[in-house]
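Here is a friendly briefing to read with the model open beside you. It goes topic by topic, so feel free to click along.

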Amino acid sequence: MARIALHTLGCKLNFSETAALARQLSAQGHTITEWDVPADIYVLNTCTVTHQAERKAHKLIRQVRRRTPAAQVVVTGCYAQLRPEALQKLEGVVLVASNQEKPRLAEAINAIARQNSFELPLERESKWDFWITHSGEGRTRAFLKVQDGCDYKCSFCIVPQARGPSRSLPPEKIIEEALRIAEAGFKEIVLTGINLGDYGKPHGVSFIKLLQGLEAQTPSSVARFRLSSIEPNLLSDELLDFVAAHTRWAPHFHLPLQSGSDRILGLMRRRYRRKLYEKRIEAILQRFPTAGIGVDVIVGFPGETEKDFQETKRFIADLPVSYLHVFPYSERPGTPAANFSNPVPWPERLRRSEVLREIGLRKKYTFAQKCYNQPAEVLLETPNEGLTANYLRVHLKTPRLPGELVPVIIGEEAKPIIQGWRGNEN
Ligand code: SF4
């Protein structure tokens, strides 16, 4: 039996797939170890969304080989899917598996561990199946993948090539997995996907039907459901009404904006413009005045002028949202935008990111202020720290057991945690 270390880069889907792989390997009798201790096999699940994510993969593989020269390295994930040749030639790499091959990867790793050599039980040309997976954080929150792939064609995005077409499992299969998660003692389930709101292909069952099924068929020990990122054009009133009508569903929404300039949104080939985005935020706040609302933004997209950036900055500064995820644009070979003219110089991309990150920090602070004196339930991840349903991270004065759901008044028993905030709190 081998000691196997696994590490994940990138999104929640990757994390849930690594967790599923770890469970399979453990069931085969292998010992799962931490990444930074000696192991026989290292499995790296990579990301390709930015150039930095790819560089990180190379760095991690080099570090592993330096620390444990005899180690065998298996690489999978989106970078492995798109650029296998860049990874195959690295010292120590014995297998590069695509995303399509992930469901059978445990078999291949098992073969490597047992024989030190193997017949590759993988098929490069295999079709895009759906591998149902979940990952968990300390038996508190589980991330359940309900949708994979994307049919959109945003000009900057490499994900559709790395993860294939939009597809999802029918509700009954997802409910089975949710019941397993409940059985394992998790209190919160986060539904994840690449384009979550596009749930329903190819079986035709709507996303609302999935939510209704989960609501009706999971035990009350699952105290909370949360939705991960949803495209603004897919966040329907029907979906918001469902969340409003069912107390287990968290009033927390993450809506990628990407740009506050309609001209740039057009170049990005996004399926909405700022008017629609604004209306969706209004629709959320009408139903949930203290909803947690997260926003993704890309700055320095090719052709983004100072005027476009100022438009984005003003738009975001005026949006009543609670936190921002800011990304400097990163060229992805193979995407249309990588060949667009007028690239923004890197120092300027970084400067624009900094400007928005400052605004994001202030948003977090304002959101926390808005929650003061409000009752909330905190799901504890550590004895003192946890998240409310509307995604406010708080510190509890009196420690309790991790995994407990604790009723509090924000500002009294529980103080908001705002990482990086150095401003005046009064
Ligand atoms: S919606 Fe656009 S940004 Fe999101 S995964 Fe699909 S193509 Fe990429």
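Let's begin with a pair of strands: S1 (residues 3-8) and S3 run in the parallel sense and are joined over 5 bridges. Please keep in mind that this is a predicted model. From that strand pair, the tour moves on to the cores, the domains, the ligand and one loop residue.

**Strands around S3**
- Within the S1 pairing, Ala5 has Tyr42 of S3 as its bridge partner.
- S3 also pairs with strand S4 (residues 72-77), again in the parallel sense, over 6 bridges.
- In that second pairing, Ile41 stands opposite Gln72 of S4.
- Strand S3 covers residues 41-46, and 6 of its 6 residues are buried.
- Ile41, Val43 and Asn45 point one way from S3, while Tyr42, Leu44 and Thr46 point the other way.

**Nonpolar cores**
- Val43 turns up again in the largest nonpolar core, which has 98 residues; Val43, Ile109, Leu144 and Ile189 have the most contacts inside it.
- The element that gives the most to this core is helix H1 (residues 12-27), with 6 residues.
- This core lies between domain 1 (3-115) and domain 2 (134-297 + 330-338), because both of them give residues to it.
- Ile109 touches Ile4, Leu25, Ile41, Val43 and Val74, leaving out residues up to four places away in sequence.
- Another core lies apart from the largest one and has 12 residues, including Phe367, Leu379, Leu380 and Val408.

**Domains**
- The domain assignment splits the protein chain into domain 1 (3-115), domain 2 (134-297 + 330-338) and domain 3 (375-416).
- Taken over C-alpha atoms, the centres of domain 1 and domain 3 are 35 Å apart.

**Around the ligand**
- The residues surrounding the ligand are Cys150, Tyr152, Cys154, Cys157, Val159, Pro160, Ile194, Asn195 and Glu231.
- Sorted by class, this shell has 7 nonpolar, 1 polar and 1 charged residues.

**A closer look at Val146**
- You will find Val146 in the loop between strand S7 (141-145) and strand S8 (147-148).
- Val146 counts as buried because 26 other C-beta atoms lie within 10 Å, and the cut-off for buried is 20 or more.
- Setting aside neighbours within four places in sequence, Val146 is in contact with Ser168, Leu169, Ile174, Leu191, Thr192, Gly193, Tyr199 and Leu210.
- Val146 and Arg269 are 123 residues apart in sequence, and 25 Å separate them in space, C-alpha to C-alpha.

Note on methods
Residues numbered from 1 in each chain as written. Predicted model: local features only at pLDDT ≥ 70, side-chain atom pairs only at ≥ 80, totals over all residues. Core = buried A, V, L, I, M, F, W, Y, C linked by C-beta atoms within 7 Å. Helix = DSSP H or I, 4+ residues; strand = E, 2+ residues; numbered from the N terminus. Domains from an automatic or database assignment. Contact = placed C-beta atoms within 7 Å. Near = placed C-beta within 6 Å. Nonpolar A, V, L, I, M, F, W, Y, C, P; charged D, E, K, R; others polar. Pairing = 2+ DSSP bridges.
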